Amino acid sequence: MTHDTMTHAKRLEDEPVHRSRSVEQLIAGKETSDGAGVKLTRVLTQNLQRRLDPFLMLDAFGSDDPDDYIAGFPDHPHRGFETVTYMIAGRMRHRDSAGHEGLLENGGVQWMTAGRGVIHSEIPQQEAGVMEGFQLWLNLPARDKMCAPWYRDFGAGDLPRFGTASGAEVTVIAGASHGVQGAVTRAATEPLYLDLRLADGATFAQALPAEHNAFVYVYRGALRIGDQVVPAQRMAILANAADADGVLVEARGETRALLIAGQPLNEPIAQYGPFVMNTEQEIYQAINDHRNGRLAALAEPTPAMPSGFP
Ligand code: CO
């Protein structure tokens, strides 16, 4: 996208970053499939959960072959964390046991707090064309893991955006950047979730608290961070140097990238598939509740739903 198509956006001066974080590690991700056979790349895998606390998973999906995505994600449970799905291209319908339903499409975000339990499905609403996007899992603090489920859909037009004088176009999905408040904020983990579009040579600076864990995922073009070039389809984990006050990136070619950061919870992480709790005991409880039909039954349907809603 050229800057001319974004003339409605505000142009802001860059945040001052005196010393940028460097790249600690480049990660290629792992090809896998999930749901009923959706091909995807698991960029943030389980072995990085501690390093990238409070983030538990990042999946990237992108294909123009319907065989790779058409089966979607039929009914499955979650407990103990939040899922954030960002659709770059394509259409997917969400339904869940808490009575929420929504169509997620081109540039939209769906934010779902599973809390004590949700059973949901995510089914493609297209038979051809490109389906591309990301699903990020954000952990909940121990005290909130059994909270009531929550859900919001944000269309592309609902997401706050701004441009910078140095040529970046920024969508603020969560947190705040350059004084622009994102669609969602969370007090416990202070997640920052930005989608960056940069023309060749454009730069972007983002202030980051030194203790927050942060990473960049490049999905078009390439970024230079310090003396490291981060190519497309790579995640760069950013070092938590005490004297670094943010990150400075520079685009090599037309580039799109996610910048994600958050305050670590520093709590035990116990994961079994779609359940992420603090202890094994809580995982057994989740499995039992799911088997006995109590996982989602604990979630009261919204008052607007007719009685007898599953
Ligand atoms: Co799910």
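## Surface and charge

The protein chain exposes about 13200 Å², of which carbon and sulfur atoms supply 50%. This is a predicted model.

The chain carries 27 positive and 39 negative charges, and the mean positions of the two sets are 2 Å apart.

## Fold and dimensions

Strands dominate the count of secondary structure elements: the protein chain has 25 strands and 1 helix. Its radius of gyration is 19 Å, close to the 19 Å given by the globule rule for 310 residues, so the chain is as compact as a globular protein of that length. Along the principal axes, the C-alpha atoms fill a box of roughly 55 × 45 × 35 Å.

## Burial and contacts

Buried residues make up 52% of the 310 residues in the protein chain. Among contacts with a separation of 6 or more, 75% are between residues 24 or more positions apart.

## Cobalt site

Three histidines coordinate the cobalt ion, each through NE2: His76, His78 and His120. The distances run from 2.0 to 2.1 Å. In sequence, the donor residues follow the spacing H-x1-H-x41-H. One residue therefore separates His76 from His78, and 41 residues separate His78 from His120, when donors are taken as N, O and S atoms within 2.8 Å of the metal.

Two of these donor residues, His76 and His78, are buried, that is, under 20% relative accessible area. Water is not among the atoms, so the cobalt site may look incomplete.

Methods. Residues numbered from 1 in each chain as written. Predicted model: local features only at pLDDT ≥ 70, side-chain atom pairs only at ≥ 80, totals over all residues. Heavy atoms only, no water. Helix = DSSP H or I, 4+ residues; strand = E, 2+ residues; numbered from the N terminus. Rg over C-alpha atoms; globule rule 2.2 N^0.38 Å. Buried < 20%, exposed > 50% of the residue type's maximum accessible area, 1.4 Å probe, protein only. Contact = heavy atoms within 4.5 Å. Areas by Shrake-Rupley, 256 points an atom, 1.4 Å probe, with all protein chains shown as cover. Lys, Arg positive; Asp, Glu negative; His and termini not counted. Charge placed at Lys NZ, Arg CZ, Asp CG, Glu CD. Donors = N, O, S within 2.8 Å, 3.2 Å for Na, K, Ca; no water.
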